[in-house]
Every structure is written in structure tokens, then in C-alpha cells.
Amino acid sequence: MYDYRNEHMYKFIKICEEIINDIVDLKNYDFVLDLSKIKEELGGNSIHLNRETVNALLKAQKELPDNDYRFIISSGYRSYEDQQKLNDLMKKELQKSHPDEWEKLLNDYTGGDDYLKYLRDTDLNKLSRMSHSSGYAVDIIGIKNISTGEELNLGGESKLDNSDRLDYYSKDTEIGKNRKILGDILKNNGFKNIENEYWHWGYYGS
Ligand SMILES: [Zn+2]
């Protein structure tokens with residue numbers, strides 16, 4: 001059980017961090033939010049990002065091939081406590097599912113315990129923009145047509161293997177073609193992709 005005072009303090013620190021880093025709530029912007037992972041992994045019900053990144057995403061979204069297309073966003077800014085929760089959860093899951101290589105997989109996907117230590121010791125402004133802790137990194141897991149409800153297939157959930165890469169599928173396949181649409185537009189708008197996760201993008205400015 002949470003100690004009420006600790007939780008109160010935690011929320012207070014989080015709000016301060018958000019103000020300092022100009023972090024805004026995506027519910028006020030024209031995206032589709034998928035909160036399922038945030039609920040499951042962090043117990044949260046909102047997604048935040050740095051304002052500059054939001055503006056760049058809105059601009060990029062306008063370049064999608066249909067006016068009714070919206071990015072489906074599943075994750076954004078993570079506080080230190082969020083990162084700690086995610087690391088603990090992934091560690092438990094990977095130890096069960098991949099007992100021989102959990103440590104390597106954990107390092108690849110959350111950065112593991114070393115990354116937590118790094119976060120504790122580093123000024124937020126000096127973090128890589130590829131890190132969710134910076135407020136500049138976003139996970140885009142789909143593209144949805146808000147009129148028809150249809151979604152462009154980007155390949156869905158992480159398979160924890162090479163097929164998570166942006167360029168894994170040939171451009172002649174449906175997933176390959178859709179990932180190319182996503183990738184080209186984001187790259188043109190100042191975003192860079194992390195190699196092993198087609199959904200993960202950091203904003204570096206145009
Ligand atoms: Zn991510």
C-alpha cells in the first residue's frame with residue numbers, strides 16, 4: 001500500500017518536473033491515445049510529452065495520406081518513478097519468459113538497473129531525446145482513420161525480435177508499406193527512430 005504522504009509528495013514532484021520541462025497532457029490535443037499499456041504497466045491514465053514535440057507531431061500528422069488519419073500514441077514522458085515501475089515489471093516478466101537472456105533483453109528495452117542509476121545522477125536536460133524520461137520520446141503504435149475507425153497495420157505489439165525494426169518488412173508488404181509512411185513523415189519532421197523499435201521516436205528539432 002502507498003503511504004498517502006509519499007504518494008502526495010510523488011505527485012507534487014511529478015507536477016514540478018512537468019512544469020520545468022514544459023510537459024503537456026496529450027488529452028488536450030488531436031491524437032488517438034491508447035492508454036492500455038500505461039494502465040497495465042504504470043497504473044496511469046494519461047500520456048504527457050514536451051510541448052515542442054507535440055507541435056512537431058501535429059505538423060507531421062497533417063502529412064499523413066488522409067486528413068482523417070491520426071497517430072495512435074501509447075507512451076510519452078516517464079518520470080523516474082514510472083521508469084522504476086516499468087523496469088521492475090519487465091524484469092519479472094522477462095525472467096519468466098526468457099530465463100537465459102532476460103538481462104540482455106531488459107537492457108535493450110528499458111536500459112535495466114544501470115539506466116535507473118544513470119537517471120538518478122543526470123540532469124533531465126542533458127538526457128538523450130531518445131529517452132522517455134526526457135519528454136521528447138514518443139511511442140506511435142498505429143495510424144487510425146477517425147471517420148471509419150480503420151487502422152493501418154504497423155505490425156502491432158513488440159515481438160522482442162528483429163521484426164520490431166522499422167525496415168524489417170519489405171515495402172511490398174502491407175506492414176512494410178505502412179511503416180515506410182510512418183517513418184518517412186516522422187524523419188521529415190525532425191524525429192529519429194530507435195533501431196529495434198519501429199514505434200519509438202525521439203524529437204531532435206527540424
Ligand atoms: Zn518507447
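Strand 4, residues 69-75, pairs with strand 5 in the antiparallel sense, over six bridges. Please keep in mind throughout that this is a predicted model. Within that pairing, Ser75 has Asp139 of strand 5 as its bridge partner.

Let me stay with strand 5, which spans residues 137-145. Is this strand mostly covered or mostly open? It is mostly covered, since seven of its nine residues are buried.

Strand 5 also runs antiparallel to strand 8, residues 200-203, and three bridges join the two. Here Asp139 appears again, with His200 of strand 8 as its bridge partner. Asp139 is thus bridged to Ser75 and to His200.

A further antiparallel pairing, over two bridges, links strand 5 to strand 6, residues 151-152. In this pairing, Ile143 has Leu152 of strand 6 as its bridge partner. The hairpin formed by strand 5 and strand 6 has five residues between the strands, and Gly149 in that hairpin takes a positive phi near 85°.

I turn now to helix 3, residues 51-61. Which residues of helix 3 are buried? They are Thr53, Val54, Ala56, Leu57, Ala60 and Gln61. These residues lie on the same side of helix 3, because they cover an arc of only 165° around the axis. As a general point, an α-helix has 3.6 residues a turn, so residues three or four places apart point the same way. What covers the buried residues of helix 3 includes strand 4, strand 5 and strand 8, which we have just discussed, together with strand 1, strand 3 and helix 7.

Next, the packing of two helices. In general, such a pair is described by the angle between the axes and the distance between the axes. For helix 4, residues 80-97, and helix 5, residues 102-109, the angle is about 145° and the axes are 9 Å apart. The crossing of helix 4 with helix 5 is right-handed. At the contact, helix 4 contributes Met90, Lys91, Leu94 and Gln95, while helix 5 contributes Trp102, Leu105, Leu106 and Tyr109. By character, the residues of this contact divide into six nonpolar, one polar and one charged.

Finally, I draw your attention to Leu160, in the loop between strand 6 and helix 7. Its phi is near 55°, a positive value in a residue other than glycine. Why does Leu160 count as partly exposed? The reason is that Leu160 has 15 C-beta neighbours inside 10 Å, whereas a buried residue needs 20 or more and an exposed one has 12 or fewer.

Note on methods. Residues numbered from 1 in each chain as written. Predicted model: local features only at pLDDT ≥ 70, side-chain atom pairs only at ≥ 80, totals over all residues. Helix = DSSP H or I, 4+ residues; strand = E, 2+ residues; numbered from the N terminus. Pairing = 2+ DSSP bridges. Arc of directions from axis to C-beta. Contact = placed C-beta atoms within 7 Å. Axes fitted to C-alpha atoms, helices over the stretch in contact; angles between N-to-C directions. Left-handed = near helix turned anticlockwise from the far one by under 90°. Nonpolar A, V, L, I, M, F, W, Y, C, P; charged D, E, K, R; others polar.
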